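The exercises below are meant to be worked with the sequence and the coordinates side by side. Try each task before reading its solution.

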Amino acid sequence: MAYDYDDLQEGTELPTEHRTPTTAQVEGFCNATGNAGPQFLDPEFAKDKMGLPGPIVPGNMKQGFLDQYLRRHFGRNQITRLQLNHRRPDVHNAEMTIGGEVTRAYEADGRRMVDLEIHIDNPQGDRSVRGAATITFD
Amino acid sequence: MSDDESLITPAMEAAIGREGEAREVTVDKELVLRLMRALDEDDEELLSAVEAGDASYPIPTYALLTTSTSQRQLDVPDAPERALMAADAWEVKADIHLGDKLTIVPRLAEIQERIGGRVGHSLFIHHEWVYTNQDEVEVARVRRTVTHFQSRHTGE
């Protein structure tokens, strides 16, 4: 169920959700977006050339997951800002935990808005993405 | 090159602020559907609207990712080859619909240097794209920071 503006205040935590992007999903994502970076699908390149633990999930795929997460909680209200810092790579087939918390609920220019801290944690509990978003309510 | 020697070359400095060639792209139903499947989209109303090709239904911002091949990063002279995306910032100003004809203008916004950190001596290169629709309305402004580094990543 989507939140109303009146349900929200500083400190309101959104429920967490889990996503485990598979190699097939990453392939589908790269195919739909034309993203051909070898670090996303080529294990040898990822390990030998980049020094990564294995092929990684594209940063903008994680952006897609966060966009979906916010729409699940805020319905058709517009996500007017989505800002992500990619702190650690996430590898395929590893569970990511997505969460968020309201940092500010306010009115500006006659519009009701909510700022949030959003994040993705890897299975070790390390934060792989730290971000911020603004939702503008109708 | 010693670690305290700047990685920012004169050619790189001269490229800051440069705008690239504008590209035009149409928000394509099939690509948006493929993307939605890859993301396991479960919003039934949205899926029905996209499957029906409803051009009046506002679609998620992530649909802009289907235009990634036209959202080219400008080449930065002398940048180290190893690179990973460090940050993304999307400012969305208007709804996006299937069939929208978007003009994308790229710009090399800024370059910062960092000595130390997870990947050693590195450059943070900030790219920016402005998306304008067929009605000349700015729909989004996207800023991406890419870290370019010389050492191998630690994987951490």
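**Exercise 1. Secondary structure and overall form of chain A**

How many helices and how many strands does the secondary structure of chain A come to? Then set out the order of these elements and describe the dimensions and burial of the chain.

Solution. It should be said at the outset that this is a predicted model, which scores ipTM 0.91 and pTM 0.87. Counting the elements gives 3 helices and 5 strands for chain A, and reading along the sequence places them in the pattern β-α-α-α-β-β-β-β. Taken along the principal axes, the C-alpha atoms of chain A fill a box of roughly 55 × 30 × 25 Å. As for burial, 41% of the 138 residues in chain A are buried. The last step concerns contacts between residues at least 6 apart in sequence, of which 63% in chain A join residues at least 24 apart.

**Exercise 2. Helix α3 of chain A and the loop before it**

Does the span between the end C-alpha atoms of α3(A) agree or disagree with the expected span? Examine also the burial of the helix and the residues named on either side.

Solution. Begin with the geometry: at 1.5 Å a residue, the 16 residues of α3(A) should span 22 Å, and the end C-alpha atoms are 23 Å apart, which agrees. Next, consider burial, where 14 of the 16 residues of α3(A) are buried, so that the helix is mostly covered. Just after α3(A), Gly75(A) takes a positive phi of about 55°. On the other side, the loop between α2 (43–49) and α3 of chain A holds Leu52(A), which counts as buried because 20 C-beta neighbours lie inside 10 Å. Finally, the C-alpha atoms of Leu52(A) and Asp109(A) are separated by 46 Å, the two residues being 57 apart along the chain.

**Exercise 3. The contact between the chains**

Which element gives the most residues to the side of chain A that touches chain B? Work from the totals to the pairing of strands across the contact.

Solution. The contact takes 30 residues from chain A and 29 residues from chain B. On the side of chain A, the elements that give two or more residues are α1 (23–33), α3 (59–74) and β2 (78–86), and β2(A) gives the most, with 9 residues. The residues on that side divide into 9 nonpolar, 17 polar and 4 charged. Turning to the strands, β2(A) pairs with β2 (residues 82–92) of chain B in the antiparallel sense over 5 bridges, and the bridge partner of Arg81(A) in β2(B) is Glu91(B).

**Exercise 4. The nonpolar cores**

Which residues touch the most other members of the largest nonpolar core?

Solution. The largest nonpolar core has 57 residues, and those that touch the most other members are Leu66(A), Val32(B), Leu35(B) and Ala63(B). Following one of them further, Ala63(B) touches Val27(B), Val32(B), Leu35(B) and Ile96(B), when residues up to four places away in sequence are not counted. Apart from the largest core lies another, of 5 residues, among them Val76(B), Leu108(B), Leu123(B) and Ile125(B).

**Exercise 5. Strand pairing in chain B**

How many bridges join β4(B) to β5(B), and in which sense do the strands run? Begin with the partner that precedes them in the strand numbering.

Solution. Strand β3 (residues 101–114) of chain B is joined by 11 bridges to strand β4 (residues 122–132), and the two run antiparallel; within this pair, Arg107(B) stands opposite Glu128(B). Strand β4(B) is joined to β5 (residues 138–149) of chain B by 11 bridges, again antiparallel, and here His127(B) stands opposite Arg144(B). The hairpin of β4(B) and β5(B) has 5 residues between the strands, and in this hairpin Glu136(B) takes a positive phi near 60°.

**Exercise 6. Positive phi in the loops of chain B**

Is Asp40(B) buried, partly exposed or exposed? Treat Asp78(B) in the same manner.

Solution. Asp40(B), in the loop between α2 (29–38) and α3 of chain B, has a positive phi, near 55°. With 15 other C-beta atoms within 10 Å, Asp40(B) is partly exposed. Asp78(B) is placed in the loop between α3 and β2 of chain B and has a positive phi near 70°; with 14 other C-beta atoms within 10 Å, Asp78(B) is likewise partly exposed.

Key
Residues numbered from 1 in each chain as written. Chains lettered and ligands numbered in written order. Predicted model: local features only at pLDDT ≥ 70, side-chain atom pairs only at ≥ 80, totals over all residues. Pairing = 2+ DSSP bridges. Helix = DSSP H or I, 4+ residues; strand = E, 2+ residues; numbered from the N terminus. Contact = placed C-beta atoms within 7 Å. Nonpolar A, V, L, I, M, F, W, Y, C, P; charged D, E, K, R; others polar. Core = buried A, V, L, I, M, F, W, Y, C linked by C-beta atoms within 7 Å. Buried ≥ 20, exposed ≤ 12 C-beta atoms within 10 Å, placed from the backbone. Expected span 1.5 Å × (residues − 1).
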